[in-house]
Each structure stands twice: as structure tokens, then as C-alpha cells.
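Here is a set of questions and answers on the ligand site, the pockets and the cavities. Each answer sets a value against the rule behind it.

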Amino acid sequence: MVADYVGAKHAVATVNGTAALHVGLLVAGVQPNDEVLVPTLSFIAPANAVRYTGAWPVFMDADPIYWQMDAEKVKDFLEKECSWKEGLLYNKTTSRRVKAILPVHILGHPCDMDALLELARKFNLVVIEDATESLGARYKENRVGRLGDVGCLSFNGNKIITTGGGGMIVTDNEEWARRAKYLTTQAKDDEIENIHHEIGFNYRLTNLQAAMGCAQMEYLDEHVDAKRKIAQSYKNAFQNLSGFTSMSEAPWVFSTFWLYTVLINETEYGMNSRNLFMRFAESGIQTRPLWQPLHRSKVFEKSQSYKIEKADTFYRDALSLPSSVGLCESDLNLVSGVVKRCLAE
Ligand SMILES: *Cc1c(COP(=O)(O)O)cnc(C)c1O
């Protein structure tokens, strides 16, 4: 069902989205000591998955308008910081082979995939899409997850559809799909005799979760629709509010607005994102900052990052507002009421 939905030839279910990323990287040929370009403004799972393979993330900035992996800076990095040796691309600073780009479609909005795919072709890199936050979103005519060489999805409790926990690898590459199935099911070379030629993983989705996933798939479009309505409602409520910038949708994409997020300019709004976070909490409303940019994380202090400027300010200014599909108009009014009261003060 998922393969059909995203328009990919194959799909392999996994225990969660992080496992999908781990195995997605492995089947794409990422090896120990390779490098993978990862956006710094993301949940940590994709960068962790890179480390599980023994490869290293190189962190890229967020673009100034849509907050996604900045394709311009990726281009700069590949052109200026890398060189070819015997048909392979190497990072001049670390001497490691640059193998892949891992764009993460954050918050329901697709990355600029045409630009990234063109760079991948030019520099002979594979593209592993982290579409875990954005199932249902489209870039031009195609759904996220099938834009790169391999796509990864999550059905965690907080995603657009859920199996409690769960994930999926989607790809058009039959050999990679077969290998993903093999690696996620303990690498069985003979199921009867239990013969194994490789170290595999128990990364299966259970049948019980899969059954729930089938039922959830029936709601997917409805959920996307609900998220988009919530986004429209917030957008209307915050129009002309000084110091308050709502997330936007590029004209060439269809975003799911998975988590509706705003940027707060402290000088203009009179309060910063963390103060507003506290004010929401006092009103019994849960909001969330974005993730600490990954290049700031202690666990990645040995990883390179390239010209990061925007991600830090987005981290400082961003707040994700309640976006559950079950929210009704009065819930949304409660949220915008707090925002307007704080501004008035
Ligand atoms: C949720 C998420 C994941 C991981 O999914 P799990 O199913 O929780 O393992 C990976 N990447 C991003 C960007 C996510 O938001």
C-alpha cells in the first residue's frame, strides 16, 4: 500500500524509521569512514543512522526561506571542498570519501529535490531521503520518499499515520529492496537450516503493527487535509502579527504541515520563543522548540559542519504549535488567543 501510495516499485517494512534509515544507508552502499551530507536542522535520527554504519555526517545549513537543507550550500561544499580521485569524490579537509546526500524533509515540507538530485548526479552520490516527517507531501508531481534512490518513512506515534512504532524503506531498486528485506530479517540465507552469511538485524515490523498500518493508510489523505486546514487557520490568525513569521509553502510543493511552526522575532514581538513556550505551558498548551542543531550536539563534535548560519537562528526563534489532526476551531482559537494576548502585553 505504501509503495503504491508514494509511487515506488518496492517497500520494505521496518520496526521504526531509524532502522529504515540505517538499512537504507547500508543498501545504498554507505561504508565505514564514508561521509554523508546531513542537514543540521533535523531530529537526530538520520545522523545517528549514519554513525551506525560507521560513516560520518557532514552537517549542512538550512535554507533561509523554507528551513530545509540548503542546496546552494551543498553545491558550494561539493564544488569547493571536495576533489576527485580515481572516479571517487573526497572531502579535502577529512580525506574521507563523500558517498551520499541525506535530505530530511522537515516539518512536512519537501526539500529542493531537483537541485539536490542534480548535484547527486554530477558528483556521483546516492540520495537517501528521510521522509519520516512528511509522508503525503509532494515535490512537483511526485510524493516524497520516491524522489531519491531510497526513501525512509516512520509510523511513530507522533507522525502523520502511526502503527505505535514502525517504519518503511521505499525504492525502485529491486536489488536494494531484496537486500533491505534480507538485512532487516536477520540475514537468512537458508530459512529452514538457519544459515547466515552476514550479520543481519531484527528490524521487522510485526504483523499486528502492519494490520494497524493498513487501517491507518485509509486515513492518510484525511490527516493531510486536516493538517493543511490547521495551517490555514493559524496562518489567518497570525496575519499581520508583528514579529511572528509563519512557516511557508514553496509554490512547487504540497506540504503536509506536519508540525506548524513559527519564528518569533524577540524585538518585534516583545518576547522570545522560550518565553512564549512558558506562557503556553501556563495555559496548559504544549508547544515545542525545534531540535538543537546537530552540529552543536556533543555526540557530533568530531563531525565537520559547513558554513552554518541560519540553522542556529531558526533554533533560537522557532516554536512548533499544536498540530494534531483532532484539533477543532476552538482549540486553535485558544492557541492564537495566547499569541495575541502576549503581543498585546
Ligand atoms: C521521527 C523521525 C525519525 C525516526 O523515526 P522513528 O520511527 O521514531 O525511529 C527520523 N528522522 C526524522 C527527521 C524524524 O522526525
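Q: Which residues lie nearest the centre of the largest pocket, and how many line it?
A: This is a predicted model. N158, K159, W258, L259 and R288 lie nearest the centre of the largest pocket. Its lining counts 41 residues. A residue counts as lining because it has an atom within 4 Å of a grid point.

Q: Which elements give two or more residues to the lining of the largest pocket?
A: They are α2, α3, α8 (220–238) and α12 (329–344).

Q: How much space lies in the largest pocket, and what classes of residue line it?
A: The space is about 880 Å³. The lining has 18 nonpolar, 17 polar and six charged residues.

Q: What takes up space in the largest pocket?
A: The ligand does: the space it takes is the largest pocket. The test for sitting in a pocket is that more than half of a molecule's atoms lie within 2 Å of the grid points.

Q: What makes a residue part of the shell around the ligand, and how many residues are in it?
A: A heavy atom of the residue must lie within 4 Å of the ligand. In this model 15 residues surround the ligand. T18, D130, E133, S154 and K159 are the closest.

Q: Which element gives the most to the shell around the ligand?
A: α2 does, with three residues.

Q: What classes make up the shell around the ligand?
A: Five residues are nonpolar, seven are polar and three are charged.

Q: Why is the pair between the ligand and E133 called a polar contact?
A: A polar side-chain atom of E133 lies 2.5 Å from an oxygen atom of the ligand. The cut-off for a pair of N or O atoms is 3.5 Å, so this pair qualifies.

Q: What makes the D130 and G17 pairs polar contacts too?
A: A ligand nitrogen is 2.7 Å from an N or O atom in the D130 side chain. For G17, a polar backbone atom is 2.7 Å from a ligand oxygen. Both distances are within 3.5 Å, so both pairs count.

Q: How much of the ligand does the protein bury?
A: The protein buries 92% of the 380 Å² that the ligand exposes when taken alone.

Q: How much space lies in the second largest pocket, and which residues are closest to its centre?
A: About 360 Å³ lies there. V12, A13, M168, L205 and A210 are the closest to its centre, out of 24 lining residues.

Q: Which elements give two or more residues to that lining, and which gives the most?
A: α1 (2–6), β1 (10–14), α6 (174–184) and α7 (207–217) give two or more. α7 gives the most, with seven residues. By class, the lining has 13 nonpolar, nine polar and two charged residues.

Q: Why is a space called a cavity, and how many cavities are counted?
A: A space is called a cavity because a 1.4 Å probe fits there but cannot get out. The count is two cavities of 30 Å³ or more.

Q: How do you know that the largest cavity enters the count?
A: Its volume is about 40 Å³, and the count takes cavities of 30 Å³ or more. Its lining includes I65, Y66, W67 and M247. That lining divides into six nonpolar, three polar and no charged residues.

Q: What is the volume of the second largest cavity, and which residues line it?
A: The volume is about 30 Å³. P39, D61, W67 and V104 are among the lining residues. The classes are eight nonpolar, two polar and one charged.

Technical notes. Residues are numbered from 1 along each chain as its sequence is written. This is a predicted model: local features need pLDDT of at least 70, side-chain atom pairs count only at pLDDT 80 or more; totals for chains, interfaces and linings use all residues. Side-chain values use heavy atoms; hydrogens and water are left out. A polar contact is a pair of N or O atoms within 3.5 Å; within protein, one must be able to donate a hydrogen and the other to accept it, and residues adjacent in sequence count only if both atoms are side-chain atoms. Accessible areas come from the Shrake-Rupley method with a 1.4 Å probe; for residues, only the protein chains shown count as cover. On a 1 Å grid over the protein atoms alone, a cavity is a set of points where a 1.4 Å probe fits but cannot get out, and a pocket is an open set with protein on both sides within 12 Å along at least five of seven lines; lining residues have an atom within 4 Å of a point. Helices (H or I, at least four residues) and strands (E, at least two) are DSSP runs, numbered from the N terminus. Ala, Val, Leu, Ile, Met, Phe, Trp, Tyr, Cys and Pro count as nonpolar, Asp, Glu, Lys and Arg as charged, and the others, Gly among them, as polar. Grid points are joined across faces, edges and corners, and a volume is the space filled by probe spheres set on the points.
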